[in-house]
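This report considers the burial of charged side chains, the salt bridges they form, and the contact between two chains. The sequence and the structure are shown first.

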Amino acid sequence: MDDFAVEQLLRRHRPVGPPAALRALVLSPSRRLWPWLTAAAALMTIAAAGPWAASSLVERAAVTPGPDPAVEAAGALADALGGGEAARTWATTQVAFERFLRETEAGAAPAPGGDQP
Amino acid sequence: MPDRPTEDGRALVGRLYDTYGASLYRYATLLLADAAAAEDAVHQVFTAMLRRTPRLDQEAHYLRRAVRNECYSMLRRRRADMPPARAFLEPAEANVNHDERLALERALRSLPVEQREVVHLHVYEGFTFQAIADATDTSINTVASRYRYALEHLRHALDPS
């Protein structure tokens, strides 16, 4: 393998581009890490422990009676991220994804109850 | 407590991110050999501008320098045994072999960051060696040496025979 072959190999690849959500995070005025960790922890909790997993902002917001729970949940998450259109768009996407995960878990696993881990 | 960003500041930072964000992210990705860490670096630079929007006479130069400094700081703080979070290369053309990408990532990760930086700027951003020297405050001879050593190192890593 000569230098030309190495360069050709390099050019067959390129560094990955930024995730779509990074723009919203960049423009969020709140502290950098905690909203991201909060949302990531919420997603991991729901995915790993099933629909009964509770301590996320989205779950607490979704329990509150009122108009469309998804709208309430997205609003709560957007507020945690500092508000604004970008945060609201991102939060709406995340809530929809979490709902999808919950529905997937509900369809794939027995109903929660009792001594869940 | 950080300054609350103004709407003008947010609009400026949004414009800068839209203009330079992707290329800066790719630059950070190669410097750090880690896509997740690159997110942090880029986020840190732009968030700092939200808190205190600087006057930018040379936007691209300023942002590149800021991302570079942030990446080098992160590398100094990074634990040697910390594994990267996820892949940092993607195919640039069709029919690229997955194993080839993994091997190239491993080989790039084994380079010193200064050599990796020169590879990125020359191969992926098309910088001349003189432009790289200007961007990294080094001499053109140093840049040329780093590139030569980088290719040699990659060659041996990818084809030990």
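Glu70(B) has a relative accessible area of 18% in this predicted model, and Glu70(B) therefore counts as buried, the limit being under 20%. Its salt-bridge partner is Arg77(B), with 3.8 Å from N to O. Arg77(B), by contrast, has a relative accessibility of 58% and so counts as exposed, a class that begins over 50%. The pair thus joins a buried acid to an exposed base.

**Salt bridges across the contact**

A search of the whole structure finds twelve salt bridges over all chains. Between chain B and chain A the count is four. Among the pairs that link the two chains are those listed here, each with its N to O distance.

| Residue in chain A | Residue in chain B | N to O distance |
|---|---|---|
| Asp3(A) | Arg155(B) | 2.3 Å |
| Arg12(A) | Glu100(B) | 3.0 Å |
| Arg14(A) | Glu90(B) | 2.7 Å |

Arg12(A) belongs to the loop between α1 and β1 of chain A, whereas Glu100(B) is part of helix α4 of chain B. Both partners count as partly exposed: Arg12(A) has a relative accessibility of 25%, and Glu100(B) has a relative accessible area of 21%.

The pair of Arg14(A) and Glu90(B) joins two chains, because Arg14(A) lies in strand β1 of chain A and Glu90(B) in strand β1 of chain B. Here too the partners are partly exposed, with a relative accessible area of 35% for Arg14(A) and a relative accessibility of 21% for Glu90(B). Salt bridges with shared partners also bring in Arg26(B), so that Arg14(A), Arg26(B) and Glu90(B) make up one network.

**The contact as a whole**

Which residues of chain B lose the most area to chain A? They are Tyr17(B), His43(B) and Glu90(B), which together account for 18% of what that side buries. Glu90(B) is also the salt-bridge partner of Arg14(A).

The size of an interface is often given as the accessible area lost when the parts come together. For chain B and chain A this buried area is about 3,500 Å², and carbon and sulfur atoms give 63% of it. The contact takes 26 residues from chain A and 45 residues from chain B. In addition, 13 residue pairs are in polar contact between the two chains, counting pairs with both residues at pLDDT 80 or more.

On the side of chain B that touches chain A, two or more residues come from each of α1 (7-32), α2 (35-51), β1 (89-91), α4, α5 and α7 of chain B. Helix α1(B) gives the largest share, ten residues. By class, this side of chain B has 25 nonpolar, 13 charged and seven polar residues.

**Helix α1 of chain A**

Helix α1 of chain A spans residues 3-11, and its buried residues are Val6(A), Glu7(A), Leu9(A) and Leu10(A). Viewed down the axis of α1(A), these buried residues fall within an arc of 160°, so they line one face of the helix. An α-helix has 3.6 residues a turn, so residues three or four places apart point the same way.

What covers these buried residues comes from both chains: the cover includes β1 (13-15) of chain A, along with α4 (98-109), α5 (113-124) and α7 (140-158) of chain B. Of these elements, α4 of chain B also holds Glu100(B), the partner of Arg12(A).

Methods. Residues are numbered from 1 along each chain as its sequence is written. Chains are lettered from A and ligands numbered from 1 in the order in which they are written. This is a predicted model: local features need pLDDT of at least 70, side-chain atom pairs count only at pLDDT 80 or more; totals for chains, interfaces and linings use all residues. Side-chain values use heavy atoms; hydrogens and water are left out. Buried means under 20% relative accessible area, exposed over 50%, partly exposed in between (1.4 Å probe, protein chains only). Helices (H or I, at least four residues) and strands (E, at least two) are DSSP runs, numbered from the N terminus. The arc is that of the directions from the helix axis to the C-beta atoms. Contact means heavy atoms within 4.5 Å. Buried area is the accessible area (1.4 Å probe) that two parts lose on being put together, summed over both. A salt bridge is a side-chain nitrogen of Lys or Arg within 4 Å of a carboxyl oxygen of Asp or Glu. A polar contact is a pair of N or O atoms within 3.5 Å; within protein, one must be able to donate a hydrogen and the other to accept it, and residues adjacent in sequence count only if both atoms are side-chain atoms. Ala, Val, Leu, Ile, Met, Phe, Trp, Tyr, Cys and Pro count as nonpolar, Asp, Glu, Lys and Arg as charged, and the others, Gly among them, as polar.
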